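Subject: Handing over a structure, with notes on what was found

Dear colleague,

I am passing a structure on to you, together with some notes for a reader who has not seen it before. Please open it first and keep it in view while you read.

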Amino acid sequence: MQIIDHCHVITDKNQKQLFSHIDALFPCTVYSTNFAEYTHPEIIWHWHKDIELVLVTEGSLFVDLGDNTFIVHKGQCLFINTNVLHFMKKVSQENCSLLTIVFDSDLISGYTESIYAKRYISPLLNCQNLNYIIFSPEIDWQKNCIDCFQKAYALFTQEPPAFLFTIREQLSYICYYITENCQSEINAPSSYNFIEYQRTKQLLEYIHTQYNQPISLKSLALFANISERECFRCFQKILHTTPMTYITKYRISTALSLLQNTTLSITEIALSVGFNSSSYFSKIFREYMGSTPLQYRKNLSSII
């Protein structure tokens with residue numbers, strides 16, 4: 001089956017990632033990401049209903065989940081639970097390469113009313129104390145999870161006879177090891193601030209649908225029906241940035257896709273992503289990317 005080169009995160013208006021699984025009957029997809037070839041310096045904030053597993057094969061990966069930040073090193077594997085908002089980028093100037101498997105929990109539970117779903121999968125997916133786990137090879141059960149990941153990935157590429165059975169088996173084992181070894185987290189009361197987290201998603205929804213229009217702190221606050229001070233606090237606490245900085249970075253991220261995938265002029269791109277002039281767009285773009293938009297596009301052409 002095809003391995004997808006991770007190029008762009010495609011999202012809906014709520015910044016929920018939209019996966020195009022290779023086969024709708026087998027909801028599991030494998031991605032390969034090499035930041036040396038990745039045109040965006042970051043994997044933008046997004047979430048999805050699929051479980052995500054990320055193995056770092058080179059360098060180190062910085063991960064931000066809003067209420068927690070950490071680094072995943074080479075050889076470690078990251079489990080990200082369903083519907084968890086996350087952001088990723090490589091650490092410093094070193095390269096970083098990833099293998100990623102995303103899969104719908106129905107692949108291993110069968111259907112929502114099955115005993116596997118009710119007794120094991122739903123408690124895991126709904127556990128707000130297990131938004132993520134870093135699997136390290138030094139811990140036996142976590143090494144087992146890494147081994148299962150590598151077996152599933154190899155099966156995905158090699159396609160031996162009846163390989164879909166074995167991929168599902170390996171992913172089931174990962175969920176089994178988590179459930180077996182994380183009972184205290186699954187059974188513990190949650191200290192998770194769900195309302196605050198959902199409010200931040202709501203603010204992102206506004207930005208990701210209105211980024212090409214003027215956006216102020218006041219308009220953001222009005223949309224979420226909160227004070228400007230609370231709006232500012234949500235961004236600082238969950239996303240570790242200010243609203244205006246986030247808006248600018250999102251506009252630049254959108255502009256990168258347009259520079260790569262369209263023939264729009266620099267002025268047309270500037271206006272389409274919310275900048276009021278091409279000169280100001282070029283100034284901000286240089287600050288973030290280290291080159292002008294025109295130079296960036298020429299560099300892309302030379303690589304292709």
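The notes below go through a sheet, the charged pairs, the cysteines and a patch on the surface.

Please keep in mind throughout that this is a predicted model.

**The sheet**

A good place to begin is an open sheet of four strands, which follow one another in the order β3-β8-β5-β6 with antiparallel pairing. The edges are taken by β3 and by β6 (69–73), each of which pairs on one side only. If the directions of the strands are ignored, neighbours in this sheet are turned against each other by 20 degrees on average.

At the β3 edge, three bridges join β3 to strand β8 (residues 86–90) in the antiparallel sense, and Ile-43 has Met-88 in β8 as its bridge partner. At the other edge, strand β5 (residues 60–64) and β6 run antiparallel and are joined by five bridges, with Leu-61 having Val-72 in β6 as its bridge partner. The hairpin that β5 and β6 make has four residues between the strands, and in this hairpin Gly-66 takes a positive phi near 90 degrees.

Strand β6 also shows an alternation of side chains that is worth following in the view. Phe-70 and Val-72 point to one face and are buried, whereas Thr-69, Ile-71 and His-73 point to the other face and are not buried.

**Charged pairs**

Side chains of opposite charge can pair when their charged atoms come close. With a cut-off of 4 Å between a side-chain nitrogen of Lys or Arg and a carboxyl oxygen of Asp or Glu, the count comes to seven salt bridges, and I describe some of them here.

One of them is formed by Lys-49 and Asp-104, whose closest N and O atoms are 2.4 Å apart. This pair links distant parts of the chain, since Lys-49 lies in the loop between β3 (42–46) and β4 (51–58) while Asp-104 lies in the loop between β9 (97–103) and α1 (106–109), 55 residues apart. The two partners fall into separate classes of accessibility: Lys-49 counts as partly exposed at 38% relative accessibility, whereas Asp-104 counts as buried at 12%.

Another salt bridge is found where the side chains of Lys-143 and Asp-147 meet, at 3.1 Å from N to O. Lys-143 and Asp-147 are separated by about one helical turn, because they are four residues apart in helix α3 (residues 140–158). Lys-143 counts as partly exposed at 37% relative accessibility, and Asp-147 likewise counts as partly exposed, at 25%.

A further pair is Arg-233 with Glu-230, where the closest N and O atoms are 2.9 Å apart. Both residues belong to helix α8 (residues 228–239), in which they lie three residues apart, about one turn of the helix. Arg-233 is partly exposed, with a relative accessible area of 34%, and a network of salt bridges links Arg-199, Glu-230 and Arg-233.

**Cysteines**

A disulfide is a covalent bond between the sulfur atoms of two cysteines. With a cut-off of 2.5 Å between the sulfur atoms, the count comes to zero disulfides. Cys-175 is in no disulfide, and the nearest cysteine sulfur, that of Cys-145, is 8.7 Å away; Cys-175 counts as buried, at 4% relative accessibility. For Cys-182, the closest cysteine sulfur is that of Cys-127 at 8.3 Å, which is too far for a bond, and Cys-182 also counts as buried, at 5% relative accessibility.

**A patch on the surface**

The last item is a nonpolar patch on the surface formed by Ile-115, Tyr-116 and Tyr-120, which together have about 330 Å² of accessible area. Tyr-120 lies in helix α2 (residues 115–125) and counts as partly exposed at 37% relative accessibility. The C-alpha atom of Tyr-120 is separated by 9.7 Å from that of Glu-180, although the two residues are 60 residues apart along the chain. Glu-180 is found in helix α4 (residues 163–181) and, at 46% relative accessibility, counts as partly exposed.

With kind regards

Terms used:
Residues numbered from 1 in each chain as written. Predicted model: local features only at pLDDT ≥ 70, side-chain atom pairs only at ≥ 80, totals over all residues. Heavy atoms only, no water. Helix = DSSP H or I, 4+ residues; strand = E, 2+ residues; numbered from the N terminus. Buried < 20%, exposed > 50% of the residue type's maximum accessible area, 1.4 Å probe, protein only. Pairing = 2+ DSSP bridges. Axes fitted to C-alpha atoms, helices over the stretch in contact; angles between N-to-C directions. Patch = residues over 30% accessible without salt bridge, like charges linked within 9 Å, V, L, I, M, F, W, Y side chains within 5 Å. Areas by Shrake-Rupley, 256 points an atom, 1.4 Å probe, with all protein chains shown as cover.
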